[in-house]
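Here is a friendly walk through one protein model, taken one contact at a time. Have the structure open as you read.

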Amino acid sequence: LVMKHVLFDLKQCLITPPLDDEEYVRETLVEAAKIANLELLKVDTHKFEPHGVTGYALLAESHISIHTWPEDDVARCDLFSCNPKTDYKSVIQYMQTRFHSMEVKRWGCDRSNWL
């Protein structure tokens with residue numbers, strides 16, 4: 001079973017309002033699951049005061065999450081999947097465009113054989 005976990009930070013998000021918009025984050029997670037060709041089971045989000053949003057998409061294959069810091073123009077995200085056909089690059093590119101990020105920092109690991 002192939003299990004990859006990719007973490008990525010979207011930095012220098014030039015348009016701050018999407019980072020603080022709970023519905024925008026929810027829509028992003030739904031679309032990201034489609035782009036990755038993964039089965040969406042549930043989406044949940046939470047809006048923090050005075051700012052910031054956390055959201056996750058529970059997938060049949062694992063999860064996608066977004067945590068935003070509008071005050072720093074940053075969204076920290078991850079995608080974990082056991083589907084070998086997961087399109088990680090397209091998801092990262094979509095989310096970078098969606099949040100108008102000028103810089104992406106990413107890490108990845110293969111979690112397949114850790115047991």
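## Charges, rings and a helix with two sides

E27 is partly exposed, with a relative accessible area of 40%; buried here means under 20% relative accessible area, exposed means over 50%, and partly exposed is in between, all with a 1.4 Å probe and protein chains only. Before going further, note that this is a predicted model, where local features need pLDDT of at least 70, side-chain atom pairs count only at pLDDT 80 or more, and totals for chains, interfaces and linings use all residues. Residues are numbered from 1 along each chain as its sequence is written, and side-chain values use heavy atoms, with hydrogens and water left out.

So what does E27 pair up with? Its partner in a salt bridge is R98, with the closest N and O atoms 3.3 Å apart. R98 belongs to helix α2 and E27 to helix α1, so this pair ties together parts that are 71 residues apart in sequence. Helices (H or I, at least four residues) and strands (E, at least two) are DSSP runs, numbered from the N terminus. Unlike its partly exposed partner, R98 is buried, at 18% relative accessible area.

A salt bridge needs a side-chain nitrogen of Lys or Arg within 4 Å of a carboxyl oxygen of Asp or Glu. The whole structure has four of them, and the table shows three, including the one just described.

| Salt bridge | N to O distance | Relative accessible area |
|---|---|---|
| R98 and E27 | 3.3 Å | R98 18%, E27 40% |
| R76 and D9 | 2.6 Å | R76 34%, D9 9% |
| R26 and E23 | 3.9 Å | R26 27%, E23 42% |

R26 and E23 are three residues apart in helix α1, so about one helical turn separates them. R76 and D9 form a salt bridge that links strand β5 to strand β1, across 67 residues.

Two of these arginines also meet rings. A charge sits over a ring if NZ of Lys or CZ of Arg is within 6 Å of the ring centre and within 35 degrees of the ring normal. R98 has its charged end over the ring of Y24, 3.7 Å from the centre, while the charged end of R76 is over the ring of W69, at 5.5 Å.

Which aromatic pair does Y24 join? Rings of Phe, Tyr and Trp (its six-membered ring) pair if their centres lie within 6.5 Å, with planes under 30 degrees apart called stacked, over 60 edge-to-face and the rest tilted. A search of the whole structure turns up one such pair. Y24 and F99 meet edge-to-face, 5.7 Å centre to centre with 75° between the planes. Y24 sits in helix α1 and F99 in the loop between α2 and β6, 75 residues apart. F99 is buried at 0%, and Y24 counts as buried too, at 17%.

Now look along α2. Y88, V91, I92, Y94, M95 and R98 are buried there. They sit on the same side of α2 because they cover an arc of only 160° around the axis, judged by the directions from the helix axis to the C-beta atoms. K89, Q93 and T97 are exposed on the other side. The buried residues pack against β1, α1, β4, β5 and β6, where contact means heavy atoms within 4.5 Å.

Last, the cysteines. There are zero disulfides, a disulfide being a pair of cysteine sulfur atoms within 2.5 Å. For C77, the nearest cysteine sulfur is that of C13, 8.2 Å away.
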